Amino acid sequence: MNLDSIDTGINAPFDPFADASRGEDAAVTKNIVHIRLQQRNGRKCLTTIQGLDTKLDLNKITKAFKKEFCCNGCVVDDAELGRVIQLQGDQRDKVKKFLVQEKLAEKDLIKVHGI
């Protein structure tokens with residue numbers, strides 16, 4: 001009896017960051033904007049926005065986010081992911097609406113993680 005052919009019915013655990021860690025299809029998902037929620041300590045969390053067009057001024061966008069959502073935020077340079085916007089709190093839905101409204105990204109190219 002071959003153990004590889006047995007279906008146990010147990011699925012692998014879901015990893016919301018698995019698509020970001022894969023390097024082989026980075027060219028395919030280059031235009032996709034990823035909005036994620038990162039847990040800090042206790043009830044605190046961060047919203048991260050990755051994959052915005054490099055031609056955009058992320059500092060101005062962060063300033064607009066901060067003013068619109070009444071939260072704090074910054075732009076972080078990451079070695080693997082490039083420039084990432086971090087906002088305090090769970091701002092995922094608001095960020096998606098803002099990006100579509102201001103035509104900074106198309107609705108079908110925005111992927112919200114952790115819902």
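User: Let's start with Phe65: is this residue buried or exposed?

Analyst: Keep in mind that this is a predicted model. The general idea is to look at relative accessibility, where a residue under 20% is called buried. Phe65 comes out at 0% relative accessibility, so it counts as buried.

User: And which residues does Phe65 form a ring pair with?

Analyst: For ring pairs, you check how far apart the centres are and how the planes are tilted; planes under 30 degrees apart count as stacked. The centres of Phe65 and Phe69 lie 5.5 Å apart with the planes at 15°, so this pair is stacked. Phe69 is buried too, because its relative accessibility is 10%.

User: How are Phe65 and Phe69 placed along helix H2?

Analyst: Here's the general idea: an α-helix has 3.6 residues a turn, so residues three or four places apart point the same way. In this case, Phe65 and Phe69 are four residues apart in helix H2, which means about one helical turn separates them.

User: Which residue does Phe69 pair with in an edge-to-face way?

Analyst: For that label, the planes have to be over 60 degrees apart. Phe69 and Phe98 fit, with 80° between the planes and 6.1 Å centre to centre. Phe69 sits in helix H2 and Phe98 in helix H3, so the pair ties together parts 29 residues apart in sequence. Phe98 is at 10% relative accessibility, so it counts as buried as well. Taken together, ring pairs link Phe65, Phe69 and Phe98 into a cluster.

User: Now the nonpolar core. Which residues touch the most other members of the largest one?

Analyst: You look for buried nonpolar residues joined through their side chains. The largest such core has 17 residues, and Ile49, Phe65 and Leu99 touch the most other members. At least two core residues come from each of E1, H2, E4, H3 and E5, and H2 gives the most, with four.

User: What is Leu99 in contact with, beyond its neighbours within four places in sequence?

Analyst: Its contacts include Val33, Ile35, Phe65 and Ile110. Leu52, Leu104 and Ala105 are among them too.

User: Which residues of H3 are buried?

Analyst: They are Arg92, Val95, Phe98 and Leu99. To read a helix, look down its axis: the buried residues of H3 fall within an arc of 130°, so they line one face of the helix. The face turned away from that buried side carries the exposed residues Asp93, Lys97 and Gln101. On the buried side, H3 packs against E1, E2, H2, E4 and E5. Just after H3, Lys103 takes a positive phi of about 60°.

User: In what order do the strands of the sheet run?

Analyst: To read a sheet, follow which strand pairs with which. Here five strands form an open sheet in the order E3-E4-E2-E1-E5, with mixed pairing. Strand E3 (73-78) and strand E5 (110-112) stand at the edges with a single partner strand each, so one side of each has no neighbour in the sheet. On average, neighbouring strands are turned by 25° against each other, direction ignored.

User: How many bridges join E1 to E5?

Analyst: Three bridges join them, and the two strands run parallel. Val33 stands opposite Ile110 in E5. As for the helices, H2 (residues 58-69) packs on the sheet, touching E2, E3 and E4, and its direction makes about 10° with that of E4. Helix H3 (residues 92-101) packs on the sheet as well, touching E1, E2, E4 and E5, with its direction at about 160° to that of E1.

Terms used. Residues are numbered from 1 along each chain as its sequence is written. This is a predicted model: local features need pLDDT of at least 70, side-chain atom pairs count only at pLDDT 80 or more; totals for chains, interfaces and linings use all residues. Side-chain values use heavy atoms; hydrogens and water are left out. Two strands pair if DSSP finds at least two bridges between them. Axes are lines fitted to C-alpha atoms, for helices over the stretch in contact, and angles run from 0 to 180 degrees between N-to-C directions. Contact means heavy atoms within 4.5 Å. Rings of Phe, Tyr and Trp (its six-membered ring) pair if their centres lie within 6.5 Å; planes under 30 degrees apart count as stacked, over 60 as edge-to-face and the rest as tilted. Buried means under 20% relative accessible area, exposed over 50%, partly exposed in between (1.4 Å probe, protein chains only). A nonpolar core is a set of buried Ala, Val, Leu, Ile, Met, Phe, Trp, Tyr and Cys residues joined through side-chain atoms within 4.5 Å. The arc is that of the directions from the helix axis to the C-beta atoms.
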